[in-house]
Each structure stands twice: as structure tokens, then as C-alpha cells.
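Hi everyone, thanks for coming. Let me walk you through a structure that may be new to you.

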Amino acid sequence: MQKTISYSPARTFDLIITSMLIALVFIATVMLNIKLPITANGGLVHLGTAVLFISSILFGPKKGAIAGAVGMGLFDLVGPWILWAPITFLARGLQGYIVGKIAWSKGRNGSSLALNLIATIVSIPFMLGVYYLGEAIIFKSWIVPAASIPGNIVQNVVGLCVAIPVCVVMKKIPYFK
């Protein structure tokens, strides 16, 4: 006998929100990016990082991790950065999870401006570390990946500067309170 699985409207809505967050991260990464003339391998600033931060702060660690990992991983897969896709998936998933976990700690659900700021700042070294190790494996060098660190820092600072004010405004909407 075949087992029938029923889905609740809440579960369906949850899937729709997660899918939309993935799409928003992907679109923000594809459409709103600038190549920095810093180095050959590091220096693409995009607003996907801001959307990752927003997703994690507004919706928590699970949705933030999935949105960042899948959204930016897809960007790498459809662009010339296919080699970076597994690294991006891991780095951005971890970053989204860390931001969401800190922002949603102590029952705050992303409502504390100070905690949201701390969350985004704390996540940056983890993202940098994963990219550094991944690039060290790709380039077989511990020196070459260091060149991408300034561009990645700029990308995260831009994302932070966009995401925090957006989250302050979004938290005033009754749905996010």
C-alpha cells in the first residue's frame, strides 16, 4: 500500500518563502555586481551578500543558510566561476547560518540592532576562512588566496551597510515583528 503524505499550508508557505529567498539572493548577485580591479581572483562586489544578511536576520538561520548557499552557488554555476561553486555553497551557507543563529539567539528573532550588527561582523571571518582554504586547494598555494581577502571584505562591508538599515525598516512591518 502506498503511503500518502499530506502537506500543511504552513509547510507549503515555508517552502515558497525559502524558494523566493534563494531567487532574491541569486538575482541580487547576478544583476547587481561590480568587478573590482583589485586582483584576478578576488574582487566581485554584489548585493547578494546584503540579501543573504537580510534573509538570515528576518527569517532565521535555516532559511538564511539555504538562501545564501543555493542562491550564490547557482550564480557560480551559471557564470564563469563554476570552480568556486562548492566553496561558495559551503562559505555562504555557513555565513547565513551564523548570522541567523546569532540574530535569532535569546528569542530575539532578529529584532536587536546590536545583535544583528554583531552577527554580520562575526560571520565575515568564517566566510573569509572557507574561501581562503578553498582557494588554497584550487591554486595549491597559501599565498595566492590572500589576494582575494580585500575584495571579500569590501563585499561584506557593502552587504552589511545595505542589510542593517533594510532590516531596521523591515522589522517595523507587522509580519516581521
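Let me start with a term: when I say contact, I mean heavy atoms within 4.5 Å. Helices (H or I, at least four residues) and strands (E, at least two) are DSSP runs, numbered from the N terminus. What we have here is a predicted model, where local features need pLDDT of at least 70, side-chain atom pairs count only at pLDDT 80 or more, and totals for chains, interfaces and linings use all residues. Residues are numbered from 1 along each chain as its sequence is written, and side-chain values use heavy atoms, with hydrogens and water left out.

Let's begin with helix 4. Helix 4 covers residues 85-103, 19 residues in total. From its first C-alpha to its last it reaches 26 Å, close to the 27 Å expected at 1.5 Å a residue; the expected span is 1.5 Å times one less than the number of residues.

Which elements do the buried residues of helix 4 pack against? They are strand 2 (44-46), helix 2 (48-59), helix 3 (61-78), helix 5 (113-139) and helix 6 (149-170). Buried here means under 20% relative accessible area, exposed means over 50%, and partly exposed is in between, with a 1.4 Å probe and protein chains only. Among the buried residues of helix 4 are I87, R92, Q95, I98 and V99.

Just before that helix, have a look at W84, in the loop between helix 3 and helix 4. W84 counts as buried because its relative accessibility is 16%. Its C-alpha atom is separated by 8.9 Å from that of I138, and the two residues are 54 apart along the chain.

Now for the helix pairs. Helix 4 and helix 5 pack at an angle of about 160°, with their axes 8 Å apart. Axes are lines fitted to C-alpha atoms, for helices over the stretch in contact, and angles run from 0 to 180 degrees between N-to-C directions. That angle makes helix 4 roughly antiparallel to helix 5. On the scale used, under 35 degrees is roughly parallel, over 145 roughly antiparallel, 65 to 115 roughly perpendicular, and the rest oblique. The contact of helix 4 with helix 5 divides into 17 nonpolar, six polar and two charged residues. For those classes, Ala, Val, Leu, Ile, Met, Phe, Trp, Tyr, Cys and Pro are nonpolar, Asp, Glu, Lys and Arg charged, and the others, Gly among them, polar.

Helix 2 and helix 4 have axes that come within 8 Å and cross at roughly 40°, which means that helix 2 is oblique to helix 4. T49, L52, F53, S56 and I57 of helix 2 make this contact with R92, Q95, G96, V99, G100 and A103 of helix 4.

Next, how do helix 5 and helix 6 meet, and at what angle do their axes cross? The axes come within 10 Å and cross at roughly 155°, so this pair is roughly antiparallel too. Residues on the helix 5 side include L117, I121 and Y131, and those of helix 6 include I153, N156 and L160. By class, this contact has 13 nonpolar, five polar and no charged residues.

Finally, helix 6 itself. What covers its buried residues includes strand 2, helix 2, helix 4 and helix 5, and G151, N152 and G159 are among those buried residues. C161 is also found in helix 6, but it counts as partly exposed, at 48% relative accessibility. The C-alpha atoms of C161 and A50 are separated by 8.0 Å, with their positions 111 residues apart along the chain.
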